[in-house]
Amino acid sequence: MLNMKKRLNGTNHIRFSTAFITLFALVCPYLTVCKDTAFALDGADVAIYNDSIAPPDPKTGESRVGAWQDGIAAIRCMLTWMGLSHEEITYLDLNDSTQDLSKLYKVLIFPGGWAPWYNYWISLSGKDRIRSFVKNGGSYFGICAGSFFASDRIVSEGIPYDDYFVYNHYNELTGYDLDLFSGTATGPIDGIAPWPTYKMTKINFPNDTEILSSYKKAPFTEAMLYYGGPYFTSDSDASVEALGNYEYNGEPALVAFTYGSGRVVLIGPHPEIEEDSDRDCVTIDGEDEMDDQGSDWELAQHLFKWLTSGTPQPSCPELHAWDGSAYQFVGSIFTRMHCPEAERYQPQPITFAPVPQVDGTLTFLIKEVDREESYINSTQMHYRYQWDTSGRWLPLPLLSAIHNRTGDVIPALGAKDNLRAFMESGDEIMLRYLAPPYGLEGVEFTAVSSGYYIWTDETWCKVLAKGPDVVVEPGAKVTLGALINNMGDEPMSKETMIWFTLKDGSGTKLGPVSAAGLAPGSSQLYLFEWTVPGDVAAGAYSYQVSILQGESDITWNDEYYGKPHPTDEAGEPTINQCH
């Protein structure tokens with residue numbers, strides 16, 4: 001009766017037969033709507049959709065989970081490598097949560113899997129929340145089934161599907177009605193791999209594009225895992241950029257476009273899967289025989305840079321390792337802090353094994369690629385062997401550090417002190433370390449650095465600390481205070497004012513106090529003495545602090561780059577927050 005043979009870890013849209021649609025129409029009115037509720041969301045750079053909480057079919061026991069769990073595991077490891085914090089969300093969070101997604105995340109990822117279950121578990125209001133998130137400035141990244149789900153129309157196994165052809169779990173008539181992509185997603189492509197098989201396929205990038213301009217110069221080709229994903233045909237009036245095409249049929253495999261104030265990337269194959277490496281945290285059948293021809297993670301990283309570029313990001317100089325013939329990107333070093341007072345050691349796992357030079361040294365290159373100025377205080381390279389049961393991280397001796405403009409900077413980078421190496425966009429520092437004593441087999445590396453950055457073309461101030469709550473009585477005088485840091489490279493103008501707002505529901509603003517002249521990168525304590533009016537009730541009051549320059553609010557908010565993660569002074573890896 002149902003044409004729905006599928007693998008539980010499969011990744012494509014599966015065909016609905018007419019009988020299947022009819023069955024849903026008859027049964028759905030009698031389904032019990034899920035009584036679970038959404039959990040409070042913490043927020044992160046990226047939200048990953050995962051419906052693994054979905055209960056199995058009560059009659060057959062068959063799984064009704066849409067998201068491919070291997071794909072999600074690989075996505076998590078890929079995002080960690082990129083330095084992007086991430087959190088998983090479910091259909092309950094989309095359907096029932098009252099939290100504002102735009103204040104929690106920069107990007108929503110819908111992974112590969114089975115798109116009909118996405119449509120089944122996510123209600124119409126949940127889809128409205130996704131559209132609103134993107135329309136108001138968020139981004140959407142759809143992989144395989146996540147691309148089918150985002151499309152206006154799909155063609156699966158030769159059968160077209162559109163809106164309103166099936167009931168969801170909540171007895172709502174639905175279909176492919178998220179409609180972020182104005183066009184048709186068609187798949188699986190049997191000529192590459194008949195469903196439910198998978199294999200490597202080549203994606204050609206024939207033209208230079210602004211989105212990938214800092215990745216590679218076209219033309220170039222990438223090899224990716226194909227597992228039932230679509231190709232894309234955009235409507236004639238849609239503004240969609242095809243970034244890469246399947247070599248098999250020349251049809252678009254990777255597209256990018258804007259939706260309202262937000263951005264969308266859809267891809268048919270799976271860039272998250274590393275077929276020749278264990279760093280993606282999953283092993284799929286037969287991957288040892290697959291020729292990956294290099295990682296796709298750096299390509300994905302450049303896509304994420306575009307998806308998040310609408311939001312201010314802190315500077316993170318890139319770290320590259322010598323592989324014997326060229327420098328390969330391995331991650332970023334931290335300068336997430338914006339002033340000397342906030343510097344701390346911040347580790348970054350090295351995901352690419354460097355190749356030693358003939359003289360037994362390892363060579364790394366720091367590149368400043370963003371629009372900020374970085375002041376790097378120290379860079380240490382730690383290592384440990386997997387067979388060492390103590391688990392200790394040991395430092396490698398730093399032999400040399402050569403700045404491309406200023407020469408030797410090893411005095412500045414050798415220790416955390418008041419000496420710092422200055423880097424602006426385009427600068428490079430070559431680092432040479434003594435290699436580990438027992439070779440590189442089974443060795444892990446972590447770069448541990450400290451430093452800070454300041455903006456070069458934007459104006460921001462951050463409230464480093466504010467005074468305690470004030471206890472007031474009518475007629476008394478109390479003092480409100482805040483420690484303010486100038487994150488830019490210019491002194492604060494005479495229009496810069498600090499305001500104190502009572503958090504008692506009245507919205508009473510106190511001040512202002514001038515912050516004119518606050519020097520770049522420096523911090524200062526500002527105080528305001530308030531004579532309490534007679535109509536203010538006695539009691540304890542808390543307050544918030546904001547910095548305005550004319551009518552513009554220039555108060556830096558940590559939500560711009562995610563919530564801070566704990567760091568380990570001993571050098572244990574933690575999640576990078578810079579992009």
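These are my notebook entries on cores, aromatic rings and strands in a predicted model.

**Entry 1: cores**

I began with the nonpolar cores. The largest has 89 residues. I looked up which residues have the most contacts inside that core, and they are Tyr105, Tyr140, Phe141 and Phe304. I then took Phe304 alone and left out residues up to four places away in sequence. Phe304 touches Val46, Met78, Leu79, Met82 and Leu84. It also touches Val107, Ile109 and Phe141. Another core, of 27 residues, lies apart from the largest one. Among its members I noted Tyr385, Leu398, Ile429 and Leu431.

**Entry 2: aromatic pairs**

How many aromatic pairs does the structure hold? I find 31. I picked out Trp81 and Trp297, which form a tilted pair. Their centres are 5.7 Å apart, with 50° between the planes. This pair links distant parts of the chain. Trp81 belongs to helix α2, residues 69–82. Trp297 belongs to helix α7, residues 297–308. The two are 216 residues apart. Buried or exposed? Both Trp81 and Trp297 are buried.

I went on to Trp114 and Trp117. Their ring centres are 5.1 Å apart and their planes stand at 55°, so this pair is tilted. The angle falls between the 30 and 60 degree limits, which is why neither stacked nor edge-to-face applies. Trp114 has a relative accessible area of 5% and is buried. Trp117 is at 6% and counts as buried. The reason is the cut-off: buried means under 20%.

I also noted a cluster linked by ring pairs. Its members are Tyr49, Phe110, Tyr118, Tyr140 and Phe149. Tyr140 is also one of the residues with the most contacts inside the largest core.

**Entry 3: charges over rings**

I returned to Trp81 to see what lies over its face. Arg279 does, at 5.3 Å from the ring centre. I logged a lysine case too. The charged end of Lys466 sits over the ring of Tyr543, 4.5 Å from the centre.

**Entry 4: strand β5 and its partners**

I looked up the pairing of β5, residues 151–156. It runs parallel to β9, residues 181–187, and 5 bridges join them. Ser156 stands opposite Gly187 in β9. β5 also pairs with β6, residues 159–161, over 3 bridges in the antiparallel sense. Here Val155 has Pro160 as its bridge partner. β5 and β6 form a hairpin with 2 residues between them. Glu157 in the turn has a positive phi of about 50°.

**Entry 5: an open sheet**

Next came an open sheet of 3 strands. What is the strand order? It is β27-β29-β32, with antiparallel pairing. β27 (461–466) and β32 (523–531) each have a single partner strand, so one side of each is left without a neighbour in the sheet. Neighbouring strands are turned by 35° against each other on average, direction ignored. I checked β27 and β29, residues 477–486, and found 5 bridges between them. Lys462 stands opposite Asn485 in β29.

**Entry 6: Ser400**

My last look-up was Ser400. It lies in strand β22, residues 398–403. Its relative accessible area is 16%, and it is buried. I set aside its neighbours within four places in sequence. Ser400 is then in contact with Ile410, Met430, Leu431 and Arg432. Leu431 is also a member of the 27-residue core from my first entry.

Notes:
Residues numbered from 1 in each chain as written. Predicted model: local features only at pLDDT ≥ 70, side-chain atom pairs only at ≥ 80, totals over all residues. Heavy atoms only, no water. Core = buried A, V, L, I, M, F, W, Y, C linked by side-chain atoms within 4.5 Å. Buried < 20%, exposed > 50% of the residue type's maximum accessible area, 1.4 Å probe, protein only. Contact = heavy atoms within 4.5 Å. Phe/Tyr/Trp six-rings, centres within 6.5 Å; stacked < 30°, edge-to-face > 60°. Helix = DSSP H or I, 4+ residues; strand = E, 2+ residues; numbered from the N terminus. Lys NZ or Arg CZ within 6 Å of the ring centre and 35° of its normal. Pairing = 2+ DSSP bridges. Axes fitted to C-alpha atoms, helices over the stretch in contact; angles between N-to-C directions.
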